[in-house]
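Student: I want the reasoning behind the labels, not just the labels. Can we go through them one at a time?

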Amino acid sequence: MNLFDVYPINDITIVKAKGSYVWDDKGEQYLDLYGGHAVISIGHTHPHWVKRIEEQLEKIAFYSNSIKIPLQQELAKKLGKVSGKEEYQLFLCNSGAEANENALKLASFHNGRKKIIAFSKSFHGRTSLAVAATDNKNYVAPVNESDNVIFLPFNDEEALEECFEQNGKKISSVIIEGIQGVGGINVAEEGFLKAIRRLCDKYGAVYIADSVQCGFGRSGKFFSHDFAGVNADIYTMAKGMGNGFPVAGIIVAPHIKPKHFILGTTFGGNHLACAAALAVLETIEAEKLMGNAVMVGKYLRDELQSIPELKNVRGRGLMIGFDVPEELKDLKKNLLLNQKVFTGEAKPNVIRLLPSLALKRRDAEDFIEALKEEISQLTSEQDVQVSDTTKA
Ligand SMILES: Cc1ncc(COP(=O)(O)O)c(C=O)c1O
């Protein structure tokens, strides 16, 4: 049997990982500034995380949600404390798309409405409603197309206000990433998030903060939406939540009431997933990783801003993006092949940095050095090409 070929992949086989480093099957070491797509939050194979999962595995890995699972309560308590949303209610599931799907569905159950506001360049996942609220036609199958989703320009307060005036009480929810990831690291303005809060309150809509990529401390605050100083009604989370163990969830404000059977899952909240998520939160707290994300992130942004070839350096904490000019289009590839550094990208020309929140300053310095070397190499190749063309 062949694999169903949906991913363009690098010809590299990673067999070992530790902290911010991974190694391939030939023993080559790579610096990981991609975090396996923003998933590695506390560092690869963190000893506390390994121990917690191993110990849990010896006891019980899974039983269904039809019995008491005290680890879920323990997780809810810890998550409330670390995120500062102690009064919220936790529902656990398995992936970011599933978290958003549940959030959108719950909003609709709550207010009985159908329309969803989403924004240009948004990405919310691949399941039916999540993908309908994703601004990329290539991911939306005909069966997912929906008249219920209204796309508005990102950070455009006037368009948002006008849409609410026109559709008023038909709007069920507004879903927004605090920092767009797949869309290219676009930060939601604080004023815009405040406007979402105000308009949702005025019209009885639900504010859904998609924190799947920008959450769990990556921005330096637990949820990047928190920079606006207003609360969302539902926060969705996944990726960094399990440091590679598949676990996701939504937290729900107290005024949205649960009812049996409106949401459900077989695997969500299993014993092992809770142990993994608890290990992540305990480590974020013990090692002050949000503070580290702020410090190392600032160092990286300052250094990147001082490189004249790179444009529009942006982001928060350790979620950073910058534009690469056409002449340097091979930069990401060369960083990987020549410098052994993994980075992320966004089409057409953005490099994304999504490392572990435990990234050390020393590793960040090594990255900047490697980046400068590759830029200078590419620039000198360009110069040779230009002078050859002039001679010809
Ligand atoms: C903001 C955001 N929401 C949702 C998702 C979907 O998450 P998953 O791939 O776990 O379903 C992603 C994945 O990249 C994401 O970046």
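Tutor: Start with pairing. Two strands pair if DSSP finds at least two bridges between them. In S17, Ile351 is the bridge partner of Phe322. The model is predicted, and every value here is computed from it.

Student: How do you know that S14 and S17 pair?

Tutor: The cut-off is at least two bridges. S14 and strand S17 (residues 350–353) are joined by four bridges and run antiparallel. So by the rule of at least two bridges they count as paired.

Student: What makes S13 and S14 a pair?

Tutor: Four bridges again. They join strand S13 (residues 311–316) to S14, and the two run antiparallel. Arg314 has Gly321 in S14 as its bridge partner. Gly315 stands opposite Ile320 in S14. The hairpin of S13 and S14 has two residues between the strands, and Gly317 takes a positive phi near 55 degrees there.

Student: Why is strand S14 called mostly covered?

Tutor: A residue is buried if 20 or more other C-beta atoms lie within 10 Å of its own. In strand S14 (residues 319–323), four of the five residues are buried. That earns "mostly covered".

Student: In which order do the strands of this open sheet stand?

Tutor: The order is S13-S14-S17-S16, four strands with antiparallel pairing. S13 and strand S16 (344–346) each have a single partner strand, so one side of each is left without a neighbour in the sheet. From one strand to the next, the twist averages 25 degrees.

Student: Which helix lies across S13, S14 and S17?

Tutor: Helix H9 (residues 289–305) lies across them, running at about 175 degrees to S13. Angles run from 0 to 180 degrees between N-to-C directions. So, on that scale, H9 and S13 point in nearly opposite directions.

Student: What makes S4 and S6 edge strands in the sheet of seven?

Tutor: Take the order first: S4-S12-S11-S10-S7-S5-S6, an open sheet with mixed pairing. Strand S4 (89–93) and strand S6 (149–152) have a single partner strand each, so one side of each lacks a neighbour in the sheet. Neighbouring strands of this sheet are turned by 20 degrees against each other on average, direction ignored.

Student: How do you know that S4 pairs with S12?

Tutor: S4 and strand S12 (residues 248–252) share five bridges, in the antiparallel sense. The rule asks for at least two. Gln89 stands opposite Val252 in S12.

Student: Why is the protein chain called as compact as a globular protein of its length?

Tutor: The chain has eleven helices and 17 strands. Its radius of gyration is 22 Å, and the globule rule gives 21 Å for 392 residues; the two are close, so the label holds. The C-alpha atoms fill a box of roughly 75 × 55 × 45 Å along the principal axes. Of the 392 residues, 46% count as buried. Among contacts with a separation of 6 or more, 74% join residues 24 or more positions apart.

Student: Which residues come nearest to the ligand?

Tutor: Gly96, Ala97, Gly125, Val212 and Gln213 do, of the 14 residues around the ligand. Helix H4 (residues 96–111) gives the largest share of the shell, three residues. By class, the shell has five nonpolar, seven polar and two charged residues. Gly counts as polar in this scheme.

How values were computed
Residues are numbered from 1 along each chain as its sequence is written. This is a predicted model: local features need pLDDT of at least 70, side-chain atom pairs count only at pLDDT 80 or more; totals for chains, interfaces and linings use all residues. A residue is near a molecule or strand if its C-beta atom, placed from the backbone, lies within 6 Å of it. The radius of gyration is taken over C-alpha atoms; the globule rule is 2.2 Å times the number of residues to the power 0.38. A residue is buried if 20 or more other C-beta atoms lie within 10 Å of its own, exposed if 12 or fewer, and partly exposed in between; C-beta atoms are placed from the backbone. Two residues are in contact if their C-beta atoms, placed from the backbone, lie within 7 Å.
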